[in-house]
Amino acid sequence: MKNLKKYLAVMALSLMGQAASAQLAVTNNRANAESQLRKLTIAEMAIKALYVDEVDEQKLVEDAIRGMLEKLDPHSTYTNPKETKAMTEPLNGSFEGIGVQFNMVEDTLIVIQPVINGPSEKIGILAGDRIVMVNDTAIAGVKMSKEEIMRRLRGPKGTIADLRVVRPGIKDLLTFKVKRDKIPVHTIDASYMLRPGIGYIRVGSFGATTYDEFLERLEQLKAAGMKDLVLDLQENGGGYLQAAADMAGEFLSPGDLIVYTEGREVPRREYKASRSGSFREGRVVVLVDQFTASAAEIVTGAIQDQDRGLVVGRRTYGKGLVQRPIELPDGSMIRLTIAHYFTPSGRCIQKPYEKGDRKSYDKDLLNRLNSGELTNVDSIHFADSLKYQTLKKQRTVYGGGGIMPDYFIPLDTTRYTKYHRELAAKSVIIQQNLRYVDKNRKALKKQYSDFASFKANYQVPQSFIDAIIKEGEKQNIKPKDDAELEKTMPYLKLQLKALVARDLWDMNEYFSVFNEDSETVKKALELLQFAHHAR
């Protein structure tokens, strides 16, 4: 009994000692944090008070924040109030303005399309109109930047934009008073029937409205007879995690794991399908490439790991870090990485990186190209430690950063000639397309009463090609020889036909033209049509 009391007394003293040590550690940590904060404050005050030249105190603080974040991972960032607004606006699903898609030809704004049911369409603004004045300020012929023009066209809902418009074929200036309104920003680029029974949806990013848009497009395609789906996430840079989780859930059964997150100070959090998805039966093929990132990788990983569909394309970007937005009083924001994303099989989506070495991280895609990964599947090798199993069929999938597709499609580097790249970089193709459509819109609409006839019969006229070549020569852009010119033509003509279709109709028609020549889409169709015949 005496020994037991002695043992308990020793244990009590030991526990008290541990508690005291823990409390001391907390106190020391707090004191150290306060000391470092004072150090930072003193440095800022000293520079402000004593530095030889005038300093911008706001920039000084911003640079200090950026400097701290740059030493962390590649995706922890700081944005000032203006940058924050520009970054979050597309994801929030709307902005306030007059509702037109436009482009600049030289220094004149040409309306490509008014937004359907938007304020400009409702009062009669048409594709091809030139907006030359906004609220008595000239915006044409004055070398005004596109950003400044956008600022003048946008404004609070309910305010009036007084526009002066030049319309081809009409002598006098037209006047329109447009009442600004909320303009939806759509994150789904296109949806249409790719083949009988096979639908196609291309998602450009994941924002606040993506899930609702997706459900709407899904129902439209089902009504058109869709049984199987090609989900195109190529070049999708990501966005909101919840939007991705909600979309992925539409392909899964209740309780199926979609993704989980975990970090040093953030406990594991699982995202699961909350209900029976509205597209659980049809076959699914997901299209990805090296620019598919973040939220788009979550959807891809969930569909692949749950054996819900097949993935076609190239290994995705590998952006699997969770950022928490920290809003600062002046409207600026820190997006601080707090956790990693993991697919249902346990793969970490984030590709490897060295803290503070942003330069090497940014060269990753170039390194992939140089190593042959983007062009030759035989150059891709995985260690046994990077092999994982899907949850239902126990198929082998691979970790190490990004999502490796089930079917690899090499990047065709031969179709993009140096001549084409230079024409595109100097906006020659876009500008000449705008001029061509602007000049021929009525004739084209008359000749092709619907898109089906356009797609089947339209050929890019030689005069259109000649105009591009001539404008390129003006800007000292010339093909190396006749062989390069000839090699450029097939892709250039396809691109021009798609652009004309976009400007006469919309993005659905643009992708309908482009996808007919896509090896990735062709592989998806092959898989689905084979599966269809094998049923």
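## Quick tour of the chain and its second largest pocket

The protein chain packs in 17 helices and 21 strands. Keep in mind that this is a predicted model. Below is a quick look at the chain as a whole, followed by its second largest pocket, which holds about 920 Å³ of space.

**The chain overall**

- Measure the C-alpha trace along its principal axes and you get a span of about 110 × 75 × 50 Å.
- Of the 535 residues in the chain, 45% are buried.
- The accessible surface adds up to about 28,700 Å², and carbon and sulfur atoms own 54% of that.
- Take the contacts between residues at least 6 apart in sequence: 69% of them link residues at least 24 apart.

**The second largest pocket: who lines it**

- The lining is made up of 32 residues.
- Sitting closest to the pocket's centre are Gly-239, Tyr-240, Lys-319, Gln-323 and Arg-335.
- Sorted by class, the lining comes out as 16 nonpolar, 11 polar and 5 charged residues.

**The second largest pocket: which elements contribute**

- Two helices, α3 (81–92) and α7 (241–249), each give two or more residues to the lining.
- On the strand side, β14 (269–272), β17 (321–327) and β18 (333–342) also each supply two or more.
- The biggest contributor is β17, with 6 lining residues.

Methods: Residues are numbered from 1 along each chain as its sequence is written. This is a predicted model: local features need pLDDT of at least 70, side-chain atom pairs count only at pLDDT 80 or more; totals for chains, interfaces and linings use all residues. Side-chain values use heavy atoms; hydrogens and water are left out. On a 1 Å grid over the protein atoms alone, a cavity is a set of points where a 1.4 Å probe fits but cannot get out, and a pocket is an open set with protein on both sides within 12 Å along at least five of seven lines; lining residues have an atom within 4 Å of a point. Grid points are joined across faces, edges and corners, and a volume is the space filled by probe spheres set on the points. Helices (H or I, at least four residues) and strands (E, at least two) are DSSP runs, numbered from the N terminus. Ala, Val, Leu, Ile, Met, Phe, Trp, Tyr, Cys and Pro count as nonpolar, Asp, Glu, Lys and Arg as charged, and the others, Gly among them, as polar. Buried means under 20% relative accessible area, exposed over 50%, partly exposed in between (1.4 Å probe, protein chains only). Contact means heavy atoms within 4.5 Å. Accessible areas come from the Shrake-Rupley method with a 1.4 Å probe; for residues, only the protein chains shown count as cover.
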